[in-house]
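Me: I would like a close look at one part of this predicted model, with attention to how charged side chains pair up. Please take it slowly and keep the reasoning connected.

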Amino acid sequence: MRKLLSTVAIAMMGLVPLSASAETLTDALISAYRNSQLLEQNQAILRAADEDLAFAVGALLPVLRWQAQISANQAYYVEPTRVGGVLGATLSGQQPLRSSDTLALVAEMTLLDFGRNRLDIDVRNALILASRQSLVSVEQQVLLDAVAAYVNLRLQGELVSAQEANVRLITQDLRAAKDRFEVGEVTRTDVALAEAQLASANSALASAQGDYNVARERYRATIGHYPTTLSGLPKMPNTASTLAAARTIADRTHPAILEAQERAKAAELGIAVARAQMMPTIRGQIQLDQSFSGDGQGEVFSGGSSGPINQSLSINMNQTIYQGGQLSSQLRRQIAVSQSASAGLLQTVINVDEAVGTAWSRILVAQASIVAGDEQIRAAQAAYDGVRQEAELGSRTTLDVLDADQNLLSAKASRLQAGANLYVSRYQLLSAMGLLTAEHLRLGIPTFDPSAYLNAVKNAPATSGRGAKLDAILKKLGK
């Protein structure tokens with residue numbers, strides 16, 4: 001019995017590392033951050049959004065292109081004829097085949113589009129900021145999953161240890177029952193009850209071991225490797241002193257809310273873009289070209305004469321007057337999109353506030369469960385000790401002892417579960433407040449810099465060097 005109490009007590013404490021090489025929760029969080037494919041995926045999505053901005057910036061810059069044209073022509077004279085009273089025509093006076101080739105260099109640029117391209121850049125910037133907040137949401141989920149996997153694996157290990165201790169204890173009870181049966185103190189029924197209880201305990205142990213193996217697989221999927229020895233849980237993170245304070249922080253910092261704000265801003269700007277689409281566009285063009293005439297021998301740019309280099313400057317203005325109502329439809333659609341984004345922002349605030357309240361309630365429930373669990377263990381321990389003593393005096397049966405033992409084991413398991421729930425709930429509240437990030441947790445590792453790639457491409461260079469920049473970013477992350 002003392003061995004069982006000792007095993008469970010050590011498991012419940014969970015504060016002292018079991019070995020020098022034990023993996024801490026911080027180690028697990030760092031590994032999860034570095035090995036998460038979800039983060040990889042969303043970082044790539046963010047880089048794609050950066051390129052959307054570069055594309056929009058490119059619309060403001062000049063366009064330089066070359067163009068070549070090769071043409072050939074040959075002329076004939078048509079002469080009327082009359083054969084047997086029937087009118088006809090023949091071709092005569094064939095002229096030599098002539099080729100005309102033109103090579104041109106053209107530069108053009110939008111001079112005025114009534115802010116359409118500038119507005120598009122603002123939209124892309126807002127969407128980039130939204131994508132950054134989406135990445136933070138993914139980071140929070142990755143770290144929360146890592147905490148849950150770490151705590152659950154420790155919990156399942158503790159439950160296995162408790163079940164193993166219970167099997168050993170019931171084995172001793174069975175041995176004692178058999179010894180007492182031999183001397184006639186108990187009946188064969190008492191022995192059978194102990195045997196049945198041992199079989200049940202072995203079944204519970206197998207189930208606990210299965211749950212532990214499932215937790216190991218979840219740990220590997222979340223953290224990136226199978227666990228070694230796990231260290232004790234560190235102190236729970238600080239959150240907020242009141243529910244109202246937690247909600248205030250969440251409304252200000254939660255990435256889902258910040259993302260919804262940026263998407264609502266982008267949708268609002270989209271209305272201005274749709275209106276600007278109805279305005280004229282003025283473009284300027286400069287062209288240098290030279291023509292070459294061939295000698296009829298099929299040679300290109302040779303064998304003939306070349307004309308002078310011509311230079312032309314033109315400014316053209318165009319505006320769509322009617323396009324089947326498409327522009328008006330696009331404007332109405334964008335207005336609806338903006339209204340949807342605004343409603344989505346309000347709903348996101350409601351969802352975040354609900355998540356904060358839910359996490360807060362879970363903490364209160366877990367705390368109450370711990371208090372009740374401690375009292376339950378105290379009472380169950382006293383009942384077990386009393387029943388066992390009374391059984392030794394013959395006033396209690398073996399079944400009474402076995403039932404008291406199971407009540408005590410159940411109380412200890414519930415207490416372990418409540419402790420794990422409280423720990424995870426604190427991190428859930430931190431996530432609901434928008435603070436479960438590598439930076440806030442001070443994991444001490446290089447984190448993804450969302451501005452590094454953007455700075456390499458935001459001016460839409462023809463060759464951005466983004467490959468080298470990306471390699472440098474990934475090297476910092478240890479990829």
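Is arginine 154 buried or exposed, judged by its relative accessibility? And which partner does arginine 154 meet in a salt bridge?

Reply: In this predicted model, arginine 154 counts as buried, because its relative accessibility is 12% and the cut-off for buried is under 20%. The partner of arginine 154 is glutamate 158, and the closest N and O atoms of this salt bridge are 3.4 Å apart. Glutamate 158 is buried as well, with a relative accessible area of 13%, and the two residues sit four positions apart in helix H4, which is about one turn of the helix.

Helix H4 also takes part in a salt bridge to another helix: the side chain of aspartate 145 meets that of arginine 218, with 3.9 Å from N to O. Since aspartate 145 belongs to helix H4 (residues 116-182) and arginine 218 to helix H5 (residues 188-223), this pair ties together parts that lie 73 residues apart in sequence. Here aspartate 145 is partly exposed at 24% relative accessibility, and arginine 218 is likewise partly exposed, at 45%.

For a pair elsewhere, arginine 378 and glutamate 375 form a salt bridge whose closest N and O atoms are 2.6 Å apart; both lie in helix H8 (residues 326-392), three residues apart, again about one turn of the helix, and glutamate 375 is partly exposed at 42% relative accessibility. Beyond such pairs, Arg65, Glu108 and Arg283 are joined in a network of salt bridges, and the count for the model comes to 11 salt bridges.

Notes: Residues are numbered from 1 along each chain as its sequence is written. This is a predicted model: local features need pLDDT of at least 70, side-chain atom pairs count only at pLDDT 80 or more; totals for chains, interfaces and linings use all residues. Side-chain values use heavy atoms; hydrogens and water are left out. A salt bridge is a side-chain nitrogen of Lys or Arg within 4 Å of a carboxyl oxygen of Asp or Glu. Buried means under 20% relative accessible area, exposed over 50%, partly exposed in between (1.4 Å probe, protein chains only).
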